[in-house]
Amino acid sequence: MFAQADLYSDSYYTTAPTAAESTGIMAFFAAYLLFIIAIYIVVAIAMWKIFEKAGEKGWKALIPLYNYWTLCEIVGKPGWWSLSFLLSVIPFIGWIAPLIVAILVSLELGKAFGKDTVWSILLLVIFSLVGYLMLGFGSDKFDKSKLSTPNGSGGASES
């Protein structure tokens with residue numbers, strides 16, 4: 001009366017994708033890669049403007065990892081904080097340190113531009129593309145004296 005499914009058949013896993021399926025998969029990943037590159041270019045342009053407002057050379061925004069190192073230093077945090085993403089190789093907990101660093105750097109960046117905590121969380125952490133564009137191309141001025149560590153020592157006091 002009822003058809004019984006063959007639960008032990010591995011025929012589903014042994015069939016190779018057709019040429020059309022392979023082409024579709026490659027087209028999807030190519031489009032995704034172009035989208036990621038476009039996002040990176042927009043963020044680099046916005047960071048270039050932010051760096052110039054902060055008194056740094058804009059070209060530093062074009063180099064991956066070095067741009068975040070520079071951003072950490074701009075907001076008075078140690079540059080090595082940008083290496084926190086290396087912890088992401090640790091399963092389950094590796095995303096916590098980079099997230100905390102991103103939040104702290106974003107809060108300080110927002111503070112330096114006169115923005116409050118809610119603005120910084122929403123537009124520099126969650127919708128960072130929009131937030132960086134607003135800071136870079138907006139009329140807000142960078143003021144290092146508004147930072148928690150305006151001396152750039154990352155919290156250590158200078159003697």
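Helices (H or I, at least four residues) and strands (E, at least two) are runs assigned by DSSP, and they are numbered from the N terminus. With that in hand, you can place glutamate 108: it sits in helix α4. We'll come back to that residue after a look at the whole chain.

First, some ground rules. What you have is a predicted model, where local features need a pLDDT of at least 70 and side-chain atom pairs count only at pLDDT 80 or more, while totals for chains, interfaces and linings use all residues. Residues are numbered from 1 along each chain as its sequence is written, and side-chain values use heavy atoms, with hydrogens and water left out.

How sure is the predictor? pLDDT is its confidence in each residue, on a scale from 0 to 100. The protein chain has a mean pLDDT of 86, and 84% of its residues reach 70 or more. The stretch 152-159 is another story: pLDDT stays under 50 there, and the model gives those residues 11 contacts beyond four places in sequence. A contact, by the way, means heavy atoms within 4.5 Å.

Now the overall layout. The protein chain has 6 helices and 0 strands, so reading from the N terminus you get α-α-α-α-α-α. Take the contacts in the chain with a separation of 6 or more: 46% of them come from residues 24 or more positions apart. The chain exposes about 10700 Å², with carbon and sulfur atoms supplying 70% of that; such areas come from the Shrake-Rupley method with a 1.4 Å probe, and for residues only the protein chains shown count as cover.

What about the inside? A residue is called buried under 20% relative accessible area, exposed over 50%, and partly exposed in between (1.4 Å probe, protein chains only). By that rule, 26% of the 159 residues in the protein chain are buried. A nonpolar core is a set of buried Ala, Val, Leu, Ile, Met, Phe, Trp, Tyr and Cys residues joined through side-chain atoms within 4.5 Å. The largest one here has 23 residues, and those with the most contacts inside it are Ile50, Phe51, Leu71, Leu109, Tyr132 and Leu135. At least two core residues come from each of α2 (19-53), α3 (66-74), α4 (96-112), α5 (117-126) and α6 (128-137). The biggest contribution is from α2, with 5 residues. To see the core from one spot, find leucine 71: setting aside neighbours within four places in sequence, Leu71 touches Met47, Phe51, Val105, Leu109 and Tyr132.

Next, try looking at α5. Which of its residues are buried? They are Trp119, Ser120, Leu123 and Leu124. These residues cover an arc of only 105° around the axis, so they end up on the same side of α5; the arc is that of the directions from the helix axis to the C-beta atoms. In general, an α-helix has 3.6 residues a turn, so residues three or four places apart point the same way. Turned away from the buried side, the other face of α5 carries the exposed residues Thr117 and Val118. The cover over the buried residues includes α4 and α6.

Part of that neighbourhood is glycine 131, found in helix α6. Glycine 131 counts as buried because its relative accessibility is 0%. Leaving out neighbours within four places in sequence, Gly131 is in contact with Trp119, Leu123 and Leu124. Its C-alpha atom is 9.8 Å from that of serine 106, although the two residues are 25 apart along the chain.

Back to glutamate 108 in α4. Is this residue buried or exposed? Glutamate 108 is buried, because its relative accessible area is 6%. Its side chain makes a polar contact with the side chain of lysine 111 (3.2 Å). A polar contact is a pair of N or O atoms within 3.5 Å; within protein, one must be able to donate a hydrogen and the other to accept it, and residues adjacent in sequence count only if both atoms are side-chain atoms. Beyond four places in sequence, Glu108 is in contact with Val75, Lys77, Leu147 and Ser148.

For contrast, go to lysine 141, in the segment after α6. Lysine 141 is exposed because its relative accessible area is 67%. Apart from neighbours within four places in sequence, Lys141 is in contact with Ala112 and Phe113.

Terms used:
pLDDT = per-residue confidence, 0-100.
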